[in-house]
Amino acid sequence: LSLLRSCEKRLLLVIAMVACACSSSSEDGDYSGVAYPSQGPSFEPAGRRLGYVANRNSDTVSVLDLDAMTLLGTVPVGRDPVDIDGPKHVVVDAADGLAYVVLSYPFSIPSPHAMTTQAPRSGYVEALDLSDLSIAGDLRVDANAGDVAFSPASGKLAVSHYDLPRALLGDLDARRANVVFVDPASAIATGEATANRVLVCAAPANIAFNADGSRVFVACTGEDSVVVVDSESQAVLSRVPAGNLAVNKPYALVGDSIRQRVLVSNQVAATVSVFDMSDTPNVVSTLSVPGTPFFATWLSDSTVAVPFQAPNGVALFDVTSGELTLQVQYSDADCLNPAELSTTSDSRLRLVCSGDQYNPGAVVELDPVTLALLSSVAVGIYPERMSSFEP
Amino acid sequence: MNQRNRSNQPRRLRETASMLFCLLLSACGSSAEPSAVEQGQKLFESEALSPSHLNLYTCATCHDGLVSTLPLKKTGSAMPGVTQRPVFWGGQERDLLGAINACRNYFMVANQPLAATDADARSLYAYLASLEPGDSQEAPFTIVTDISVLPRGDASNGQLLFDEACRSCHGDMHQGTGKLGDLIPTLPEDTLAAHAQYTPRDVRLVFTEKIRHGLFLGYGGMMPPFSVELLSDGDVSDLLEALGVLGE
């Protein structure tokens with residue numbers, strides 16, 4: 001009997017072992033490791049000021065440590081694995097831990113086949129996770145997407161469409177392109193965003209929100225005007241001439257830090273028009289620039305610094321008198337095609353140098369008093385603007 | 001009776017246990033799933049990675065799972081090392097799953113991207129990880145964007161290149177025997193017929209563009225592009241010569 005019990009026990013043990021092996025083998029169907037671990041760089045601020053530069057012709061965003069003036073990394077952005085997506089401008093939404101980059105698709109390929117089949121390609125806004133710039137979501141906008149602006153106060157986002165082919169059409173309404181509003185911008189990351197289109201003007205170029213995000217100011221290249229749009233009702237509130245000449249060609253447009261004034265760079269007139277940010281903007285000063293002006297910035301309540309091209313340089317102006325107080329020119333090696341000046345809360349001044357659109361551009365630091373070049377960091381191909389994150 | 005019954009007890013026990021054991025084994029055998037690696041390899045080599053009935057591709061159409069000894073020029077890189085690479089698609093994609101989803105979207109007619117938590121994505125990763133170690137360096141993939149008229153080439157080398165680079169999808173030259181599907185053009189006849197209104201010079205440009213751009217840069221279709229690392233301009237000239245697309 002004891003032999004029988006012993007035999008019974010052994011058999012049950014074998015059966016239990018088989019059952020056990022059987023149940024464990026069912027786990028083999030699923031991968032137990034970490035699939036697709038992140039291999040890219042991360043960009044935690046760690047108390048540093050960070051700069052984000054969109055490189056239009058290399059399809060990347062470069063991240064800089066602005067305190068140390070070093071490059072932390074460059075990551076590819078965009079949707080198309082072959083074509084140039086043309087990231088033009090990246091803006092930071094610190095509250096939501098996101099950045100938004102506008103994709104412009106600037107190139108059409110000259111070929112007999114493409115000429116018969118290629119339609120204008122829609123632009124996109126891509127939401128990126130600020131921690132590593134991985135893609136969190138995207139939203140389709142119109143062709144020839146131009147600039148993107150974000151209002152931290154309202155959480156809204158606006159995208160212009162610098163549609164020059166459309167601006168050459170005959171009828172004024174046909175020439176006009178949309179500004180797209182997204183409210184809230186963070187919905188792009190969750191796939192719940194909608195693009196609300198407002199027909200604004202011919203070739204709306206660069207845009208800025210006012211302080212509370214209720215208005216968007218638009219440099220309208222194709223109509224030689226500045227347009228104000230109510231971002232709530234989405235009504236066009238006013239259209240005013242961009243400058244005091246017959247042809248001005250407004251392009252760059254930036255607001256001051258407290259959003260009371262806006263600087264509009266007129267590239268044919270070679271002027272910067274300083275407007276108040278009322279619903280019907282008034283010119284408070286006109287600055288004559290010794291070159292083609294781009295994205296200017298305020299150094300103080302009364303001093304504006306303007307980057308210009310052909311030749312490469314930066315000029316300082318007293319806004320009250322309109323007087324040019326200092327101008328410095330740079331060699332192509334130092335800064336080819338200066339495009340945007342910006343300051344951070346520590347009063348340091350940095351300049352984006354676009355380069356020749358075929359080779360890497362740079363971000364350089366300038367002495368805010370003498371405009372002497374202090375340091376330089378190479379970025380990607382054809383940068384134009386930089387946004388900063390301050391801890 | 002009792003004796004007999006008692007003497008039968010061990011045998012019955014053995015029989016019952018054997019039956020239970022066999023049942024367990026058989027149940028075990030029938031419920032045993034293939035491993036994640038096996039499932040991933042199956043996905044890699046089948047059209048099942050896309051739900052579309054229009055899909056003609058597998059991953060293996062364009063990529064070698066193992067470094068191949070066959071003289072084939074596949075448009076995509078070999079997979080060993082891929083889970084360690086920093087970027088993909090010549091630096092245009094920064095994460096592996098994004099690169100896979102780009103392939104699925106552009107070539108396999110699968111519009112919904114896989115998430116990293118999806119069973120198929122995990123199995124595919126398990127298979128790719130099982131191929132390590134491999135070449136963890138970025139795979140060069142340089143696309144020619146601007147197309148120009150290439151000089152004449154060598155037809156005999158072009159025929160060899162056709163067999164290595166084109167035949168697995170397009171089938172035999174002129175006949176199309178063995179091509180991937182009815183939508184794939186037989187070369188060069190179907191493509192010439194589709195562009196009958198073009199001048200001979202432009203037809204040569206169109207063939208060149210198709211080889212270099214595939215479906216990208218405004219062309220369309222479902223063909224992958226051939227990088228300069230895979231086919232030099234001289235190779236393309238040779239292919240055009242073999243195809244009889246001479247531009248004259």
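**Two helices, two sheets and some unusual backbone**

Author: Helix 6 of chain B and helix 9 of chain B are roughly perpendicular to each other. This is a predicted model, where local features need pLDDT of at least 70, side-chain atom pairs count only at pLDDT 80 or more, and totals for chains, interfaces and linings use all residues. Residues are numbered from 1 along each chain as its sequence is written, chains are lettered from A and ligands numbered from 1 in the order in which they are written, and side-chain values use heavy atoms, with hydrogens and water left out.

Reader: Why are helix 6 and helix 9 of chain B called roughly perpendicular?

Author: Their axes cross at roughly 100 degrees and come within 7 Å. Axes are lines fitted to C-alpha atoms, for helices over the stretch in contact, and angles run from 0 to 180 degrees between N-to-C directions. The label covers 65 to 115 degrees (under 35 is roughly parallel, over 145 roughly antiparallel, the rest oblique). The crossing angle therefore earns the name.

Reader: What makes helix 6 and helix 9 of chain B meet?

Author: Contact means heavy atoms within 4.5 Å. From helix 6, the residues that meet helix 9 include B:Leu161, B:Phe162 and B:Cys166. From helix 9, B:Asp238, B:Leu239 and B:Ala242 are among them. The residues of this contact divide into 7 nonpolar, 3 polar and 3 charged. (Ala, Val, Leu, Ile, Met, Phe, Trp, Tyr, Cys and Pro count as nonpolar; Asp, Glu, Lys and Arg as charged; the others, Gly among them, as polar.)

Reader: How do you know how far helix 9 of chain B is enclosed by the rest of the structure?

Author: Count its buried residues: 9 of 11, so helix 9 of chain B is largely enclosed. Buried means under 20% relative accessible area, exposed over 50%, partly exposed in between (1.4 Å probe, protein chains only). B:Val236, B:Leu240 and B:Leu243 are among the buried residues. Their cover includes helix 6 and helix 8 (200-213) of chain B. Just after helix 9, B:Gly244 takes a positive phi of about 75 degrees.

Reader: How many helices and strands has chain B?

Author: Chain B has 9 helices and 0 strands. Both are DSSP runs, numbered from the N terminus: helices are H or I of at least four residues, strands are E of at least two. Buried residues make up 45% of the 248 residues in chain B.

Reader: Which peptide bond at B:Pro133 has an omega of about 0 degrees?

Author: The cis bond joining B:Glu132 and B:Pro133. B:Pro133 is in the loop between helix 5 (119-130) and helix 6 of chain B. A second cis bond joins B:Leu187 and B:Pro188. B:Pro188 lies in the loop between helix 6 and helix 7 (189-194) of chain B. Most peptide bonds are trans.

Reader: Which strands of the 3-2-1-29 sheet in chain A stand at the edges, and why?

Author: Strand 3 (70-76) and strand 29 (383-389) do, because each has a single partner strand, so one side of each is left without a neighbour in the sheet. Two strands pair if DSSP finds at least two bridges between them. Strand 2 (residues 60-65) and strand 3 of chain A pass that test, with 6 bridges in the antiparallel sense. Within this pair, A:Ser62 stands opposite A:Thr74.

Reader: What makes A:Thr60 buried or exposed?

Author: The relative accessible area of A:Thr60 is 11%, so A:Thr60 is buried. A:Thr60 lies in strand 2 of chain A. Among the residues it touches are A:Val53, A:Val75 and A:Pro87. The side chains of A:Thr60 and A:Ser58 are joined by a polar contact of 3.2 Å. (That term means a pair of N or O atoms within 3.5 Å; within protein, one must be able to donate a hydrogen and the other to accept it, and residues adjacent in sequence count only if both atoms are side-chain atoms.)

Reader: What is the phi of A:Tyr105?

Author: About 45 degrees, a positive value, although A:Tyr105 is not a glycine. Most residues other than glycine have a negative phi. A:Tyr105 sits in the loop between strand 5 (98-103) and helix 2 (112-117) of chain A. At 7% relative accessibility, A:Tyr105 counts as buried. A:Lys249 also has a positive phi, near 55 degrees. At 30% relative accessibility, A:Lys249 counts as partly exposed.

Methods:
Lists of a residue's contacts leave out its neighbours within four places in sequence.
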